Each structure stands twice: as C-alpha cells, then as structure tokens.
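Hi there,

As promised, here is the structure for you to open in your viewer. My notes on what turned up follow right below it.

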Amino acid sequence: QVQLVESGGGSVQSGGSLRLSCAVSSGTYGTDCMGWFRQAPGKEREGVPGMITDGTTRYADSVKGRFTISRDNTKKTLDLQMNSLEPEDTAMYYCAARRPAHCYIDYALEEWAYYAWGQGIQVTVSS
C-alpha cells in the first residue's frame with residue numbers, strides 16, 4: 001500500500017498563494033498517475049487536478065488558470081501550486097493515487113478511480 005503525506009497548507013488572504021506537496025513514502029506506483037481532491041464542509045469531494053504517466057493533465061473548470069499540478073518522479077513528490085486563491089477554495093485537500101489499470105486521462109478527476117489517499121491538509125482562504 002502506497003503512503004501519501006501532504007504538507008504546505010495553511011491560511012491566506014484572498015488573492016494569495018500556497019503550494020502543497022505530496023510525498024510518496026512507500027509503494028510501487030510512484031507519482032505516475034496521481035491527483036488532488038478537495039472537500040469542504042457539507043460538500044462532495046471533488047477532483048481538482050489529475051495527471052497520467054506522460055504528464056498530460058486535467059483540471060476542474062473552477063481552478064483552470066490558477067492552479068498547476070507538477071511531479072518529480074526522482075524525489076517521488078506531487079505538488080500543487082495554488083494562485084489567486086478565493087474563499088471558495090477553502091477545503092481539506094487530499095493527495096491520491098490510481099493503479100496503472102485506471103491511468104487514463106478521462107478518469108483523472110473521478111474519485112472511484114483512486115485507491116490510495118493521504119490524510120488531508122487544510123487550506124483556508126479568508127476574505
């Protein structure tokens with residue numbers, strides 16, 4: 001079982017930036033097929049960005065142009081740069097991984113395709 005540990009969360013003012021990092025501390029799938037999800041109180045968990053083996057990415061419409069996902073396969077990390085943050089971005093953010101059999105771009109934002117999850121890290125954006 002892969003272990004995923006998020007870091008870099010916190011509180012910022014509206015319009016500010018944060019960078020989240022996900023470290024893969026064990027497992028065999030690395031960072032080839034991973035993504036970030038978020039969940040706010042009273043709302044469903046939603047996919048934010050996802051990535052497949054060749055680096056192709058897919059973003060939720062609400063974060064396009066503001067968030068950027070990247071990976072470092074040597075260091076086994078997955079990062080999420082978040083700019084122009086809004087109060088609506090306030091949520092618990094989770095790093096997640098998919099098995100190779102589900103590593104298709106069309107599944108990048110689908111919760112059911114992911115099998116391993118981090119503990120989550122809080123992001124709070126104040127107005």
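R38, E46, R66 and D89 are joined in a network of salt bridges. Please keep in mind as you read that this is a predicted model. Within that network, R38 pairs with E46, where the closest N and O atoms are 2.7 Å apart. R38 also forms a salt bridge with D89, with the closest N and O atoms 2.9 Å apart. That second pair links distant parts of the chain: D89 sits in the loop between strand 8 and strand 9, while R38 belongs to strand 4 (residues 34-39), 51 residues away.

How accessible are these partners? R38 has 6% relative accessibility, so it counts as buried. D89 is buried as well, at 1% relative accessibility, whereas E46 is partly exposed with a relative accessible area of 33%. The count for the structure comes to seven salt bridges. Another one of them joins D61 and K64, with the closest N and O atoms 3.2 Å apart; here D61 is exposed, and so is K64.

Next, have a look at R98, which lies in strand 9. What does R98 lack, although it is buried? It has no salt bridge, and the nearest side chain of opposite charge, D54, is 9.1 Å away. A salt bridge needs the nitrogen and the carboxyl oxygen within 4 Å, so D54 at 9.1 Å does not qualify. The side chain of R98 does make a polar contact with the side chain of Y114, at 2.5 Å. Leaving aside residues up to four places away in sequence, R98 touches a long list of residues, including C33, M34, M51, I52, C103, Y104, Y107 and Y114.

A96 is in the strand that holds R98, strand 9 (residues 91-98). A96 is buried, with a relative accessible area of 0%. Beyond residues up to four places away in sequence, A96 is in contact with L4, M34, G35, F37, Y114, A116 and W117. Three of those neighbours, F37, Y114 and W117, form one aromatic cluster.

That brings me to the rings. A search of the whole structure finds five aromatic pairs. The ring centres of Y104 and Y107 are 5.5 Å apart and their planes meet at 85 degrees, so this pair is edge-to-face. Y104 is partly exposed at 49% relative accessibility, and Y107 is also partly exposed, with a relative accessible area of 28%.

Which arginines have their charged end over a ring? R45 does so with Y94, at 4.5 Å from the ring centre. R99 does so with Y115, at 4.2 Å from the ring centre.

Finally, two backbone details in loops. K76 has a positive phi of about 60 degrees although it is not a glycine, and it is found in the loop between strand 7 (67-72) and strand 8 (77-82). K76 is partly exposed, with a relative accessible area of 35%. Its C-alpha atom is separated by 13 Å from that of A96, 20 residues apart along the chain. S84 likewise is not a glycine and has a positive phi, of about 50 degrees. S84 lies in the loop between strand 8 and strand 9 and is partly exposed, with a relative accessible area of 41%.

Happy browsing, and all the best!

Methods: Residues are numbered from 1 along each chain as its sequence is written. This is a predicted model: local features need pLDDT of at least 70, side-chain atom pairs count only at pLDDT 80 or more; totals for chains, interfaces and linings use all residues. Side-chain values use heavy atoms; hydrogens and water are left out. Helices (H or I, at least four residues) and strands (E, at least two) are DSSP runs, numbered from the N terminus. Buried means under 20% relative accessible area, exposed over 50%, partly exposed in between (1.4 Å probe, protein chains only). Contact means heavy atoms within 4.5 Å. Rings of Phe, Tyr and Trp (its six-membered ring) pair if their centres lie within 6.5 Å; planes under 30 degrees apart count as stacked, over 60 as edge-to-face and the rest as tilted. A charge sits over a ring if NZ of Lys or CZ of Arg is within 6 Å of the ring centre and within 35 degrees of the ring normal. Lys and Arg count as positive and Asp and Glu as negative; His and the chain ends are not counted. A polar contact is a pair of N or O atoms within 3.5 Å; within protein, one must be able to donate a hydrogen and the other to accept it, and residues adjacent in sequence count only if both atoms are side-chain atoms.
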